[in-house]
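Good morning, colleagues. May I ask you to turn to the structure on the screen.

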There are 2 protein chains.
Amino acid sequence: MTTGIETKPRSKTKRRTAPKEVRRLQLIEATVDCIAERGISGTTMAAVTGRAGLSMGIVSLHFESKDNLLNATLTHLSQEVRSTWAGLMKDDTLAPAERLWAVAMSSFDPRIFNPTKISVWFAYFGEVQYRVLYRKIVESFDDERTDVLEDLCESLNAGDPIDVASIAGGIESFSDGLWLNAILYPEKFTRDYCISQMATFLRATFPAHFQKPSLGVSA
Amino acid sequence: MTTGIETKPRSKTKRRTAPKEVRRLQLIEATVDCIAERGISGTTMAAVTGRAGLSMGIVSLHFESKDNLLNATLTHLSQEVRSTWAGLMKDDTLAPAERLWAVAMSSFDPRIFNPTKISVWFAYFGEVQYRVLYRKIVESFDDERTDVLEDLCESLNAGDPIDVASIAGGIESFSDGLWLNAILYPEKFTRDYCISQMATFLRATFPAHFQKPSLGVSA
DNA sequence: TAGACTAATGAATGACTATTCATTCGTTAT
DNA sequence: ATAACGAATGAATAGTCATTCATTAGTCTA
């Protein structure tokens, strides 16, 4: 009978001290793995520190408390998503239509679109109703993305009486729904399937900007 | 200093026994309220039974264990969603287009589309990755709805080479995404807003069947 | 009404967990 | 090389919670 807690065998070469940021990241990554594997409530201090190959007391040393570690982990995930789409915005050779396409598709970048990461996201969403801080963290990053999407939609529909906020909201909702189905039905909602769903959505929404053939962009 | 556990004052009229089904439903409803308020991990036996106005031991009497109560609660939620759309299918005066519209819109029926119910759904989704049974329960009800949606899409596109499974998947994903945003951003994603989003989606997907003016249906 | 049956109770139990802090040990400066 | 510092440890603590079961009390039958 095992405990179910996987403890990475403490390395025999007994290096001990490490820079603060290294330890923080190490613990955050162990937390992500733990939540994916056992959920937030199953993510005990012993499980996280064991997986990180460190001792129990280390969390309070670097994060003060479990709650802080959980908040830091959500912030880390949010930053990871942010950098995925924000990286694409730096490329100023892209036309607005291409940018919109790229940002919408960035939700399915393998770095963030994989069973581990997505299930951690939904573990947090499941507590968002009564954990005000979780909502605040998610919101602060989402707002930024929403603004970018709205600006891009605006530039594709200059003069049209189309509600850009509504279109941006639709893109985000659809993307979120595909994420959820990717963990519920991973066989059907593969990365390729989700990308093709989003492509269909974008083409239906902006028929003048996106054409069928190569799943690329055409202005 | 309070415990934070709301105990419905035990009624003074000391009726005690009640039919099995009454107690089961009473406990399931208390569980739904508890999860919405404190999440699954905060849903202790003391919290559930206190809210139901019963004693701690009652859960093992009617459900054997906490896990069984949680499974029964998810099954209950699934049945509630099922009966919401299945009820609409009984009306055989409806044309296929009207049925598709009605089934898609049933996701936003106030009986199931409200902050309490939606947040409980996402509390379960958050654990679906490592609780195989949760996935099984949700899947068994979703499959049925998917079949109905696919059949309806099929009858609207007779002869067209359109992938009905993909369209049905799109409707379900979009619906799920709107649900998620309804708990993340309740101010923006109101019932009316979500309905209008879904209407836009359906019109874009079936331009020949759904027209703009009254947000109704036209064959 | 008495006796039998079963629903319901809730204190006790045992298992589990976040947090603390005295101690250990690697690193750096002298 | 050694002292001083601070990172890291993990056993101990204090608290929480699901489950059990001996007891209580409605309800039904004869």
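I shall speak about the symmetry of the two chains, then about a helix pair, and finally about a DNA strand.

This is a predicted model, in which local features need pLDDT of at least 70 and side-chain atom pairs count only at pLDDT 80 or more, whereas totals for chains, interfaces and linings use all residues. Residues are numbered from 1 along each chain as its sequence is written, chains are lettered from A and ligands numbered from 1 in the order written, and side-chain values use heavy atoms, leaving out hydrogens and water.

A turn of 180 degrees with a shift of 0.0 Å along the axis lays chain B on chain A with an RMSD of 0.1 Å, superposed by least squares on C-alpha atoms of residues with pLDDT of at least 70 in both. The two copies are thus related as by a two-fold rotation axis.

Now the helices. Helix α8 (residues 164-184) of chain A packs against helix α8 (residues 164-184) of chain B at about 105 degrees, their axes 7 Å apart. Helices here are DSSP runs of H or I with at least four residues, and axes are lines fitted to C-alpha atoms over the stretch in contact, with angles from 0 to 180 degrees between N-to-C directions. Contact means heavy atoms within 4.5 Å. α8(A) is therefore roughly perpendicular to α8(B), a term for angles of 65 to 115 degrees.

Lastly, DNA strand D. A polar side-chain atom of A:His62 lies 2.9 Å from a phosphate oxygen of this strand. A backbone N or O atom of B:Met45 lies 2.8 Å from a phosphate oxygen of DNA strand D. For A:Gly57, a backbone N or O atom lies 3.3 Å from a base nitrogen of the strand.

Technical notes. Helices (H or I, at least four residues) and strands (E, at least two) are DSSP runs, numbered from the N terminus. Angles under 35 degrees count as roughly parallel, over 145 as roughly antiparallel, 65 to 115 as roughly perpendicular and the rest as oblique. A polar contact is a pair of N or O atoms within 3.5 Å; within protein, one must be able to donate a hydrogen and the other to accept it, and residues adjacent in sequence count only if both atoms are side-chain atoms.
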